Amino acid sequence: MISITSRCGERTPPRARRPIPVCLALLALLLGLLLALPGAAQARALPDEDGYALWLRYLPVQQVAPLRAVSAAVAAPAATPTQVVARDELRRGLEGLSGRRPAAVDGVPRDGVVVLGTPASSPLVAALDLDLAGIGEEGYLVRSVRIGGRAATVIAANSDIGVLYGVFHFLRLAQTGQPLAALDVTQAPKVKVRVLNHWDNLDRYVERGYAGESIWDWHRLPDWLDPRYTDYARANASIGINGTVLNNVNTSALALTPMYLDKTAALASVFRPYGIKVYLSARFSAPIEIGGLPTADPLDPAVRRWWKDKVDEIYRTIPDFGGFLIKANSEGQPGPQDYGRSHADGANMMAQAFAPHGGIVMWRAFVYSHEEPDDRHKQAYTEFVPHDGAFEPNVLVQVKNGAIDFQPREPFHPLFGAMPGTPLMMEFQITKEYLGFATHLAYLAPMYEEVLRADTHARGPGSTVAKVVDGSLDGHALTGMAGVANIGVDRNWSGSHFDQANWYAYGRMAWDPYAGSADIARDWVRMTFSTDPAVVEPVVGMMMGSREAVVDYMTPLGLHHLMGRGHHYGPGPWVEGGPRADWTSVYYHRADARGIGFDRSAGGSNAVAQYAPPVAAQFGNLETVPEEFLLWFHHVPWDHRMASGNTLWDELVLRYGRGVDEVRGMRATWAGLEGRIDPARHHQVAVFLGIQEKEAQWWRDASIAYFQTFAKRPLPAGQAAPPHSLEYYKSLQFPFAPGDGK
Ligand code: GCW
């Protein structure tokens, strides 16, 4: 009889049972002792992650049996590139999550088949006779059904891309640990054009980018298609983004030359299966710079011909090209006003060139002029409202969420609700130009949500910004949302792990502007870090408080535009002088011996009058203005009594401190999660939170040191004096801070 060697090294006959448990027990004891030694935690640590996988990590779920029960096999067509992508993503995801690669099958031979397709692409879907009428081209159903008596899950749509979106939805449910046995999901996007705006220059510099160079490797395009482009497309499709503007709004005209169109076409070919169209920013003066014309006057027939020919050429190269994004007559960019023409003249010229091809023009309303002495807050409204209804039907006017510039908090832009005859799209900034770059943890979805839920009162109560954006308020079919991307070549894409959440949340809110920021955060944390409730709840808590913390330590109570000049890094409330008043801080805070704040009430610039009367009345009155907008709309005496009972000065100081405290709290919460998150990501976030605390403190100290020179009042009891002199804070220079325009 052969004997075997047990793990204890004893020679035992094969059937002898006793010695094995004994030696296993010894082994367990030994292991236990080992684990108790210093360094043992390391041995147990989760494997390091670098963040490249984003929210598509597809790691094994905790409860594998229920997932396996519904995902034994996949029955999916694979006749088109999008069908292949949908099937492969589903199999890849399920394999990672369940530890078992689902078989590819043609029918439903057993329980647990996931059936994909449209009525046209899949006989199985056709036979189910589902009601797909209300979900449009991009919507989908995910439903638990029975086919031939067997339990199946069907992911059905009217188009291949709808099916792909459904696949990502199903995978999200699996990733976040939702029950999968009785599904009945119906989804359709509420916004049509859901685009990222890359502020990427052709030399790969990213304006306001904090995640390294541009991912577009223009020099090696069109031949080298970096695999990252495919992962970019997957990530975007997973959250419903269906377009990308590749180049900066401050663009070179060269982006429209044949060489760059070929490169753009190559990117379009990678993105196409994922339902992502490419768009380009176009420089208004391109007819002069690359067309050799003496003018770019939009009413000049030769100029009109040039744009028409250019657009025709683009469609010969990229048949499903999306359209143009235009920044005109803004911050020195050329535009129709250079020729005495209006924004509508400029936009319509281009829109007419696109109309035969089904393309669109996204014309930005971020305009203000240094020749115009009026409050910058008012200028977009003043320039655009007179042209309401005058734009071609394929023009979207793209409006930033607030009237100044992506500040940590702004009231909603007065254009929302004020142009019923024109579709307005939302422009949010995902990159954190004014919210601590990529080092500070600031989850932006609560800010997006706050703006989308704001009530314009334009057509009576309930006329929310979301209803303007989704077209329901004034019956527009062409609708859109843009997010200024935070993506670069950094391994984790966004410069920090938590900034991925802002990209993610933007996509989810572009799909559904009524979605809740906390729900989205919860999904994201589960997919990105862990489904363990001991991780999910504290991390969601950190995220939900994080934007308010930034508001507090940078620009509390409605203050705005107080950052360092040019690069926008760090506090600079003292910034004054230079080429234009509205690029200084003193223009915005107007602090003096009496008080602080920008009077935009009827007695001041009267910007409030651009809002519908109930909103104007609320914002315009010192008694009714919400405190978070107090200094946005009013110049307020230092001793003004706040709701808390404090004076304005005391409250201001306390808010700065509250912001710093919140960051300290986030650090402590995060420190408590060590061991529950892989060491690499945990460490980087911990270090970044340390930087954030230092910088929050710096914002607080420098701001207080400066404003105290006007308030000339002591700090409230218990509040520490800034450790340095105002001169010290003013002397700090950051010549190479990232992302500055150039
Ligand atoms: O926020 C400001 C930025 C500029 C930017 C501009 C814009 C692309 O500081 O860098 O330029 O807005 O939105 O056009």
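User: How far does a polar side-chain atom of asparagine 250 lie from an oxygen atom of the ligand?
Analyst: This is a predicted model, and the pair involves a polar side-chain atom of asparagine 250 and a ligand oxygen. A polar contact needs N or O atoms within 3.5 Å. The asparagine 250 pair lies at 3.2 Å.

User: How much of the ligand's area does the protein bury?
Analyst: Taken alone, the ligand exposes 340 Å². The share of that area buried by the protein is 97%.

User: Which residue has a polar side-chain atom 2.5 Å from an oxygen atom of the ligand?
Analyst: Lysine 400 places a polar side-chain atom 2.7 Å from a ligand oxygen. That is not the distance asked for. The 2.5 Å pair belongs to glutamate 433.

User: How many residues of the shell around the ligand are charged?
Analyst: The ligand is surrounded by 15 residues, and among the closest are Glu207, Lys327 and Asp405. Of the shell, 4 are nonpolar and 3 are polar. The charged residues number 8.

User: Where does the space taken by the ligand rank among the pockets?
Analyst: The ligand takes up space that counts as a pocket. Its rank by size is second largest.

User: Which residue is joined to leucine 221 by a cis peptide bond?
Analyst: Most peptide bonds are trans. Here omega is about 5°, so the bond counts as cis. The partner lies in the loop between strand S9 (193-197) and helix H7 (227-238). The partner is proline 222.

User: What is phi of phenylalanine 437?
Analyst: Most residues other than glycine have a negative phi. Phenylalanine 437, in the loop between strand S15 (424-429) and helix H13 (445-453), has a positive one. Its phi is near 55°.

Notes
Residues are numbered from 1 along each chain as its sequence is written. This is a predicted model: local features need pLDDT of at least 70, side-chain atom pairs count only at pLDDT 80 or more; totals for chains, interfaces and linings use all residues. Side-chain values use heavy atoms; hydrogens and water are left out. A residue is near a molecule or strand if one of its heavy atoms lies within 4 Å of it. A polar contact is a pair of N or O atoms within 3.5 Å; within protein, one must be able to donate a hydrogen and the other to accept it, and residues adjacent in sequence count only if both atoms are side-chain atoms. Accessible areas come from the Shrake-Rupley method with a 1.4 Å probe; for residues, only the protein chains shown count as cover. On a 1 Å grid over the protein atoms alone, a cavity is a set of points where a 1.4 Å probe fits but cannot get out, and a pocket is an open set with protein on both sides within 12 Å along at least five of seven lines; lining residues have an atom within 4 Å of a point. A molecule sits in a cavity or pocket if more than half of its atoms lie within 2 Å of its grid points. Ala, Val, Leu, Ile, Met, Phe, Trp, Tyr, Cys and Pro count as nonpolar, Asp, Glu, Lys and Arg as charged, and the others, Gly among them, as polar. Helices (H or I, at least four residues) and strands (E, at least two) are DSSP runs, numbered from the N terminus.
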